Amino acid sequence: MLTVAMMVDDMQLVEGCRKHERKSQEQLYRKYAGEMLRICLAYEPDRDAAKDILQNAFLKVFRNIEAYTGEGALKAWIRRIITNTAIDAYRKKQKDAMLRIDDINELSVPIKEESDPMVCQDLLREVERLPDGARIVFNLYAIEGYGHKEIAEMLNISEGTSKSQLSRARKLLNEQIMSEL
């Protein structure tokens with residue numbers, strides 16, 4: 001839960017970043033980098049590549065800090081930049097690759113943040129093992145909460161491909177979990 005002290009602290013950091021104060025930039029980075037790296041790792045399993053995405057995203061945060069209006073949580077604003085940067089990196093990496101089309105199916109239950117942390121960690125480890133297309137769509141749909149139309153626009157794919165990649169992710173996750181049991 002966001003406290004008033006956290007918001008004031010964030011706004012002080014934002015103001016320092018707007019003045020290009022290195023100390024404020026470093027503090028903002030240190031405050032959110034760990035959590036944001038986990039987001040990057042959800043899109044790019046290679047840790048070094050995920051760190052590159054994180055660095056590029058924070059450069060965007062600092063370059064565009066003027067655009068943050070203070071409406072809504074700073075963390076959510078940063079998270080959106082991180083997610084978009086990770087998607088851009090994925091697009092660049094997959095520019096010439098075609099996503100496979102499988103059966104169209106919907107994921108029935110999205111992950112809830114209130115879930116047991118151990119269960120979520122185990123599930124996220126299994127998600128990391130998914131093929132790129134399925135993993136990216138699963139992250140955007142089940143974790144980030146985007147709809148298929150939005151995912152299709154972000155990844156330059158059809159809605160049907162988004163749905164089929166989600167179905168593929170769901171099927172592979174079920175198989176992985178069942179083999180673990």
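**Exercise 1. Helix α3 against helix α4**

Task: In this predicted model, classify the crossing of helix α3 and helix α4 by angle and hand.

Solution:
- Two packed helices are described by the angle between their axes and the distance between the axes.
- Helix α3 covers residues 47-63 and helix α4 covers residues 74-93.
- Their axes come within 9 Å and cross at roughly 130°.
- Angles over 145 degrees would count as roughly antiparallel, and 65 to 115 as roughly perpendicular.
- The angle fits neither class, so α3 is oblique to α4.
- The hand of the α3 and α4 crossing is right-handed.

**Exercise 2. The contact residues**

Task: Which residues of α3 and α4 make the contact, and how do they divide into nonpolar, polar and charged?

Solution:
- From α3 come Ile-53, Leu-54, Asn-56, Ala-57, Phe-58, Lys-60 and Val-61.
- From α4 come Trp-77, Ile-78, Ile-81, Ile-82, Thr-85, Ala-86, Asp-88 and Ala-89.
- The contact of α3 with α4 divides into 11 nonpolar, 2 polar and 2 charged residues.

**Exercise 3. Thr-85**

Task: Is Thr-85 buried or exposed, and which residues does Thr-85 touch, not counting those up to four places away in sequence?

Solution:
- Thr-85 lies in helix α4.
- Its relative accessibility is 6%.
- Buried means under 20%, so Thr-85 counts as buried.
- With residues up to four places away in sequence not counted, Thr-85 touches Ile-53, Asn-56, Ala-57 and Lys-60.
- These four residues are among those that α3 brings to the contact with α4.

**Exercise 4. Aromatic pairs**

Task: How many aromatic pairs are there, and how are the rings of Phe-58 and Phe-62 and of Tyr-68 and Trp-77 arranged?

Solution:
- A pair of aromatic rings is described by the distance of the centres and the angle of the planes.
- With ring centres required to lie within 6.5 Å, the count comes to 3 aromatic pairs.
- Phe-58 and Phe-62 have ring centres 6.0 Å apart and planes at 45°.
- Planes under 30 degrees apart count as stacked and over 60 as edge-to-face, so the pair of Phe-58 and Phe-62 is tilted.
- Both residues lie in helix α3, 4 residues apart, about one turn of the helix.
- Phe-58 is buried at 2% relative accessibility, and Phe-62 is buried at 15%.
- For Tyr-68 and Trp-77, the ring centres are 5.5 Å apart and the planes are at 50°, so this pair is tilted too.
- Tyr-68 counts as buried at 5% relative accessibility.

**Exercise 5. The cluster**

Task: Which residues form one aromatic cluster with Tyr-29?

Solution:
- Phe-58 and Phe-62 join Tyr-29 in one aromatic cluster.
- Of these, Phe-58 is also part of the α3 contact with α4.

How values were computed: Residues are numbered from 1 along each chain as its sequence is written. This is a predicted model: local features need pLDDT of at least 70, side-chain atom pairs count only at pLDDT 80 or more; totals for chains, interfaces and linings use all residues. Side-chain values use heavy atoms; hydrogens and water are left out. Axes are lines fitted to C-alpha atoms, for helices over the stretch in contact, and angles run from 0 to 180 degrees between N-to-C directions. Helices (H or I, at least four residues) and strands (E, at least two) are DSSP runs, numbered from the N terminus. Angles under 35 degrees count as roughly parallel, over 145 as roughly antiparallel, 65 to 115 as roughly perpendicular and the rest as oblique. A crossing is left-handed if the near helix is turned anticlockwise from the far one by less than a right angle, and right-handed if clockwise. Contact means heavy atoms within 4.5 Å. Ala, Val, Leu, Ile, Met, Phe, Trp, Tyr, Cys and Pro count as nonpolar, Asp, Glu, Lys and Arg as charged, and the others, Gly among them, as polar. Buried means under 20% relative accessible area, exposed over 50%, partly exposed in between (1.4 Å probe, protein chains only).
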